[in-house]
Structure formats: C-alpha cells, structure tokens
Amino acid sequence: MFTLNNDVVMPALGFGVFQAAPEETTAAVREALRTGYRHIDTAASYGNEREVGEAVRWSGLARDEVFLETKVWINDYGYDATLHAFDKAVGKLGVEQLDLLVLHQALPGEFALTVQAYQALEKLYADGKVRAIGVSNFMPDHLDRLLAETRIVPAVNQIEVHPYFRQSDLLAYDAEHGILNQAWSPIGGITFYRDGSTGSTLADPVVGEIAAAHGKTPAQVMLRWHLQQGRQVIPKSVTPARIAENVQVVDFELSAEELAWLDALDTGVRGGPEPADITRENFATDIPEA
Ligand code: NDP
C-alpha cells in the first residue's frame, strides 16, 4: 500500500486496461479482481470505463474495496468541461465517487486550459466527489507551472517508467514534492510508438538473468524493481496466467546491485508520445456522454 499526500491509501499494485478492447475488458477486470487486484486504472480515452464498472459490480466487492482511477482526456479540459468529464466518467463506471481522477496529459501550448482543468479537479475534491487528484505525463516544467498556479499538490504523476526508460530526474522531482510516481508500461509492454528497434524489456538478458537467479519471470522482476524503489505499478494483461503472474511479486527481494543493474538499462528513449508535443489538434478524441 502507498499513502498519498492527503493520507488516502492506495494499493501498491493496480491493473491497467489501456488497449484492452471493450469486449475483453470485462473478462480481464473480472479475472484481476478474482485474483486479488484491488485497483483498476482506466481512462476516458480508453473507451472501456463502462466495462470496468460492469466487472466491479460483477465481483460483488463493496465499493470501498476497489480503488478506481480514471483520467480526463484533453478534449474535456477547461473548468466546466472537466467538471462535466467527471459526470461522464462516473456515469459510465456506475459509481458516485472516484478514488483518483487525473489529468491525462499536460497541454503545454494551452497551459491556462490545463490549469482550469486542474482547478475543476480541485473543486471535485473539495466537494468529496473524488478522494484524490493527480496528473499524468507531466514533466518538471509542467509541474512547476501547475504548482505555482493551483493549491493542491497532485497526489500522483502517472508516467512511463520501465527499465528502458526510467526518467530519473522526473522521479526525483515528484518524490521531492510529495507526488507518488505511478509507473505506466511498468514492464515495458507499450505497443504504440515503439517500433521494436530498441528491443523488448521482457526479452532483455539482464532482466532474464536476474529473473533466473530468483526463480521468477522478467515481468515479476521489473514489477519488484518499481515497488522496491517506491513506485506504484499498473501492469496490464488480458491473459489470465499473466494476470496471476503479475501479482506474485511480494515473496522475493532484489539486491541493491540488481536494482542498479536494472537502472543501468535506461536508454533514454521514450516509448509513448513526447509530452511537449501534445496538442488538442494532434491528439483529439471525443469523449462520448455516459
Ligand atoms: P505493460 O508494461 O503493462 O505491458 C502490457 C503488455 O505486456 C501487454 O501486451 C500484455 O499482453 C503483456 N504482458 C503483461 N503481462 C505479461 C507477462 N507477465 N509476461 C509477458 N507479457 C506480459 O504496458 P501498458 O502500456 O499496457 O501499461 C500498463 C497500463 O498503464 C495501461 O494499461 C494503462 O492503464 C496505463 N497507461 C497509461 C498511459 C498514460 O498516458 N497515462 C499510457 C500507457 C499506459 P496481454 O494483455 O496480451 O497479456
């Protein structure tokens, strides 16, 4: 468990559903909840909030037993538009309150709009509609501007982190400001933008060697690396055996040397979009009503 900067407690390991088609999301999230995951990370732009909500209801778990996180897409930035984005999200998820609501991207070229969107999150927080608020893909310069213009320090920054792209400076910035680092693509599994030329973390020989030494899999070693370094993780899988594999990460410990070997795999090459390049024009996605 991690305790956020407002004392809300969040599971250390969650379940991601990006690129899970709506029809496979329900089965995957059901399986994850059955296996013991208690945090689901979705987003308005993933188009599967409704299916996440269905799976949570199917599980029979009480609302307060599942930590639900979703993200506001850039088409819905602006004070009123972001307040309405909350209504769309809870309408699709079929809940009244969210555990964590984050801005999916900064809009560096329209930062005033980004600030207005964040101020809407602050309002939702003040009204008790969300238990915590945060950001995703914010770089230090974006955070500097946000912290200067808003009141509540984001509880999390959800960012790309895996052995091939560690973002050490950003990790340090977040930690210094009390912002929990949440690693997306924690096992380097991103399937967009990456052309394969930098190889796969899952097939990396160093990761493989450490995994063999512990009788674990490469995915388990990478997840353990994050957790030991204080990052929350949200691995995604629609495959039952992998869903189970990815939570079995509490019964072994990596040495300081092994952690350093994994740190040293950093290529500095991003797999996802460059945060500085995000605009409402080139990343437009309309978010339907609930
Ligand atoms: P991950 O690092 O979680 O990798 C997922 C991929 O790896 C899938 O192709 C999956 O295949 C495969 N996989 C999962 N487990 C294993 C395993 N044990 N062994 C081998 N292969 C495995 O990448 P994601 O990009 O999906 O990131 C995770 C989550 O982070 C997303 O689902 C989303 O919630 C979030 N995210 C957020 C972003 C943001 O901008 N804020 C951007 C991208 C992701 P299969 O499903 O077929 O089993």
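**Exercises: sheet edge and ligand site**

Strand β9 (residues 180-184) runs parallel to β10, and two bridges join them. The model is predicted; local features need pLDDT of at least 70, side-chain atom pairs 80 or more, while totals for chains, interfaces and linings use all residues. Numbering starts from 1 along each chain as its sequence is written, and side-chain values use heavy atoms, without hydrogens and water.

**Exercise 1.** Place the β9-β10 pair in its sheet.

*Solution.*
- Take one bridge: Gln 182 has Gln 232 as its partner in β10.
- Strands are DSSP runs (E, at least two residues), numbered from the N terminus; pairing requires at least two bridges.
- Read the order: β3-β4-β5-β6-β7-β8-β9-β10, eight strands in an open, parallel sheet.
- Find the edges: β3 (15-16) and β10 (232-233) each have a single partner strand, so one side of each lacks a neighbour in the sheet.

**Exercise 2.** Which residues come nearest to the ligand, and which polar atoms lie by its oxygen atoms?

*Solution.*
- Start with the shell (a heavy atom within 4 Å). Of its 28 residues, Asp 41, Ser 185, Lys 236, Ser 237 and Thr 239 come nearest.
- Check polar contacts (N or O pairs within 3.5 Å). A side-chain N or O atom of Ser 237 is 2.6 Å from a ligand oxygen.
- For Thr 239, a polar side-chain atom also gives 2.6 Å to a ligand oxygen.
- Pro 186 uses a backbone N or O atom, 3.4 Å from a ligand oxygen.

Note on methods: A polar contact is a pair of N or O atoms within 3.5 Å; within protein, one must be able to donate a hydrogen and the other to accept it, and residues adjacent in sequence count only if both atoms are side-chain atoms. Helices (H or I, at least four residues) and strands (E, at least two) are DSSP runs, numbered from the N terminus.
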